[in-house]
Amino acid sequence: MGREVDRFLVEQYVGDGWGGASDLAERLATPTGAWTESVRHIRSLFVPADDSCFHVVAGASAEAVRTAMEHIEIPFERIVPVVEISPKRTGRAASERRLT
């Protein structure tokens, strides 16, 4: 990927629960064809209460992500740009940090 890469969130409904979400995440993480040339899987999150799966991917554009998802035949609801944020490192152990 020789150009600047952005992050995108791919949202999809997973009607068959954890097994379906796990299979989809595995397919996304397995490099193949156009997927490896234009888009890279970062991580996936499954929300069991909603039967939803969210995949964070890196790509040159939302259209590149859309094309790659269609190429590997994975259905999705929407693709939106995202910005990843990380907590500042305070020197405290992760177990001591609390979300408020």
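Q: Which strand holds H55?
A: Quick heads-up: this is a predicted model, so local features need pLDDT of at least 70, side-chain atom pairs count only at pLDDT 80 or more, and totals for chains, interfaces and linings use all residues. Residues are numbered from 1 along each chain as its sequence is written, and side-chain values use heavy atoms, with hydrogens and water left out. Strands here are DSSP runs of E with at least two residues, and helices are runs of H or I with at least four, numbered from the N terminus. On that count, H55 sits in strand β3.

Q: Is H55 buried or exposed?
A: Buried means under 20% relative accessible area, exposed means over 50%, and partly exposed is in between (1.4 Å probe, protein chains only). H55 comes in at 0% relative accessibility, so H55 is buried.

Q: Which side chains make polar contacts of 2.5 Å with the side chain of H55?
A: A polar contact is a pair of N or O atoms within 3.5 Å; within protein, one must be able to donate a hydrogen and the other to accept it, and residues adjacent in sequence count only if both atoms are side-chain atoms. One such partner of H55, at 2.5 Å, is Q12. Another, also listed at 2.5 Å, is S44.

Q: In what order do the four strands form the open sheet?
A: Two strands pair if DSSP finds at least two bridges between them. The pairing in this sheet is antiparallel. The edge strands, each pairing on one side only, are β2 (39-47) and β4 (78-82). Put together, the order is β2-β3-β1-β4.

Q: Over how many bridges do β2 and β3 pair?
A: Strand β3 covers residues 52-59, and its pairing with β2 runs in the antiparallel sense. For one of the matched-up residues, look at H41, whose bridge partner in β3 is V57. The count for β2 and β3 is eight bridges.

Q: What angle does the direction of α3 make with that of β1?
A: Helix α3 (residues 62-71) packs on the sheet and touches β1, β2, β3 and β4, where contact means heavy atoms within 4.5 Å. Axes are lines fitted to C-alpha atoms, for helices over the stretch in contact, and angles run from 0 to 180 degrees between N-to-C directions. For α3 and β1, that gives about 45°.

Q: What is the relative accessible area of D16?
A: D16 lies in the loop between β1 (6-13) and α1 (17-29). This residue is exposed, with a value of 56%.
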